[in-house]
Amino acid sequence: MTSTAGTLTPTPEQLRWQHWGLGVFFHFGLNTFHGKEWSDGTLPAASFDPAELDARQWVAVAKQAGARYVVLTAKHHDGFCLWPTETTDYSVASSPWKDGRGDVVGEVAEACAEAGLGLGLYLSPWDRNASCYDDPAAYDDFYVRQLTELCTRYGPLVELWFDGAGSQGRTYDWAAIMDVVHTHQRGAMVFNMGDPTIRWVGNEDGYAEDPYRYVIDHTKMDNYTVVTTTFSEALYLPIECDVSLRRGWFWQPAEQPKDLDHLLAIYYRSVGLGSNLLLNIPPDRRGLIDDADRARVAEWAAELERRFGDPIPAKLTETDDGVLIDFGAEVELDHLALVEELVDGQRITGHAIFDQDQQLAAGQSVGSRRLHAFPARRVERLSIKLEGDAARLTEVVGYAAGTSEIPELPADYRATTTAPID
């Protein structure tokens, strides 16, 4: 990570990740079979038996959603491992699934490789099963060995997800942990802890707010406390918004997916606010994506394609205070997407879009993508005024989405802030 004129700049890997925009989370494990969200590490490994597990189906749903990468919970807080680890018998190797010879991580890795999607893995630092957890030095060694297995067995990884939940007051040997990452998966994004290269948005509702700054000197650890991690210096850390398609993170039989407008509201406030969206789509007890979830994802993807599948590119000409954009002919628009030039860091602190003297939209940050909606109008040229030292746009795209309405987030919906231990 370097700086230009005092501004922190992203690595090529960070920029690539930012422009992917959308990923899919797969929460799957023993909790799936017991109606739990956070279990305590005592559920029997023998209860893990997804008789119809099809990782290719999972990945196909992710690809249909438009995801460029997936993140799988290789080990959640209960300590149950979805790969046949040599560190503990609390894993798929002790389950009846495939007579103990299965490897969920391996199957997802293979499906991602076939589909051309990046693979990310979640390895919870907090482990409620490991008998050595209360011995920090022993557990650090245990955790490093688990991470080494994941970083050396499954090909290139694009993200490693270190969840801070449950680790309040605990200090891990992050130097040793990050040495594994730097040695074996240098290009992987590191989420929120250790030597992070991306950060959590700070809520589990899936939305960012304007302004959204990529350079920050602290991150929030979890949704259940006010604990933050403060860095010794500011870092360039793009934002990831995680949210579940359902109320809970693991599949529960009584839950249903969020409705279309709710998912659209999330999209506009995450991808449309310069952040990556990591949408959790939890496999069910069969080891398949629930039919209702598949249908909702297909509906959402179809609506996003309808709105944004036919972009109208514009030619950009820089001016003293922004850019002129020219579509080459009169076109009808109701949306604009702005993309900031981020190679030299995030520099735009304010922007406004004008049709001659009429302001159509305005905001503060732009970043990797900023979506604006406004009443439909026919235009050939627009101007955009920019604020910020050396502020630049690299792309502006118009859309005729057929609507200027951005759905509101439901006023009565917020992810729980009570740790769901049971």
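In this predicted model, Arg199 has Ile239 of strand 11 as its bridge partner. The two strands concerned, strand 8 and strand 11, run parallel and are joined by 2 bridges. Strand 11 also runs parallel to strand 12, and 5 bridges join that pair. Within strand 12, Asn280 stands opposite Ser244.

Strand 11 spans residues 239–244, and 6 of its 6 residues are buried, so the strand is largely enclosed by the rest of the structure. The cover extends to both faces. Ile239, Cys241 and Val243 are buried on one side. Glu240, Asp242 and Ser244 are buried on the other.

These strands belong to an open sheet of 8 strands. The order across the sheet is 7-6-5-4-3-12-11-8, and the pairing is parallel. Strand 7 (189–191) and strand 8 (199–200) form the edges, each pairing on one side only. Elsewhere in the sheet, strand 4 (residues 69–75) pairs with strand 5 (residues 118–123). This pair is parallel and has 6 bridges. Lys75 stands opposite Leu123 of strand 5. Helix 3, residues 104–115, lies across both strand 4 and strand 5. The helix runs at about 170 degrees to strand 4.

Helix 6 covers residues 260–269. Of its 10 residues, 9 are buried, so this helix, too, is largely enclosed by the rest of the structure. The buried residues are Leu260, His262, Leu263, Leu264, Ala265, Ile266, Tyr267, Tyr268 and Arg269. They pack against strand 11 and strand 12, helix 7, strand 15 (322–340) and strand 18 (370–387). At the start of helix 6, a side-chain oxygen of Asp259 comes within 3.3 Å of the backbone nitrogen of Asp261.

His262 lies in helix 6. Its relative accessible area is 6%, under the 20% limit, so His262 counts as buried. Beyond its neighbours within four places in sequence, His262 contacts Leu409, Pro410 and Tyr413.

Asp290 sits in the loop between strand 12 (276–280) and helix 7 (291–308). Asp290 is buried as well, because its relative accessible area of 14% falls under 20%. A polar atom of its side chain lies 2.8 Å from the backbone nitrogen of Ala292. Asp290 also touches Arg246, Trp251 and Asp284, with residues up to four places away in sequence not counted.

Aromatic pairs number 29 in the model. One of them joins Trp17 and Tyr69, whose ring centres are 6.2 Å apart. Their planes meet at 45 degrees, so the pair is tilted. Trp17 belongs to helix 1 (residues 12–20) and Tyr69 to strand 4, so the pair ties together parts that are 52 residues apart in sequence. Both Trp17 and Tyr69 are buried.

Another pair is formed by Tyr139 and Tyr143. Here the ring centres lie 5.9 Å apart with planes at 35 degrees, so this pair is tilted too. Both residues lie in helix 4 (residues 136–153). They are 4 residues apart, about one turn of the helix. Tyr139 is buried, with a relative accessible area of 0%. Tyr143 is buried at 1%.

Ring pairs also build a cluster. Its members are Phe26, Phe28, Phe33, Phe48, Trp58, Phe80, Tyr90 and Trp97.

Confidence in the prediction was examined along the chain. The mean pLDDT is 94, and 95% of residues reach 70 or more. Residues 1–6 stay under 50. For this stretch the model has 14 contacts beyond four places in sequence. Where pLDDT is low, predicted coordinates should not be read in detail.

Methods:
Residues are numbered from 1 along each chain as its sequence is written. This is a predicted model: local features need pLDDT of at least 70, side-chain atom pairs count only at pLDDT 80 or more; totals for chains, interfaces and linings use all residues. Side-chain values use heavy atoms; hydrogens and water are left out. Buried means under 20% relative accessible area, exposed over 50%, partly exposed in between (1.4 Å probe, protein chains only). A polar contact is a pair of N or O atoms within 3.5 Å; within protein, one must be able to donate a hydrogen and the other to accept it, and residues adjacent in sequence count only if both atoms are side-chain atoms. Contact means heavy atoms within 4.5 Å. pLDDT is the predictor's confidence in each residue, from 0 to 100. Two strands pair if DSSP finds at least two bridges between them. Axes are lines fitted to C-alpha atoms, for helices over the stretch in contact, and angles run from 0 to 180 degrees between N-to-C directions. Rings of Phe, Tyr and Trp (its six-membered ring) pair if their centres lie within 6.5 Å; planes under 30 degrees apart count as stacked, over 60 as edge-to-face and the rest as tilted.
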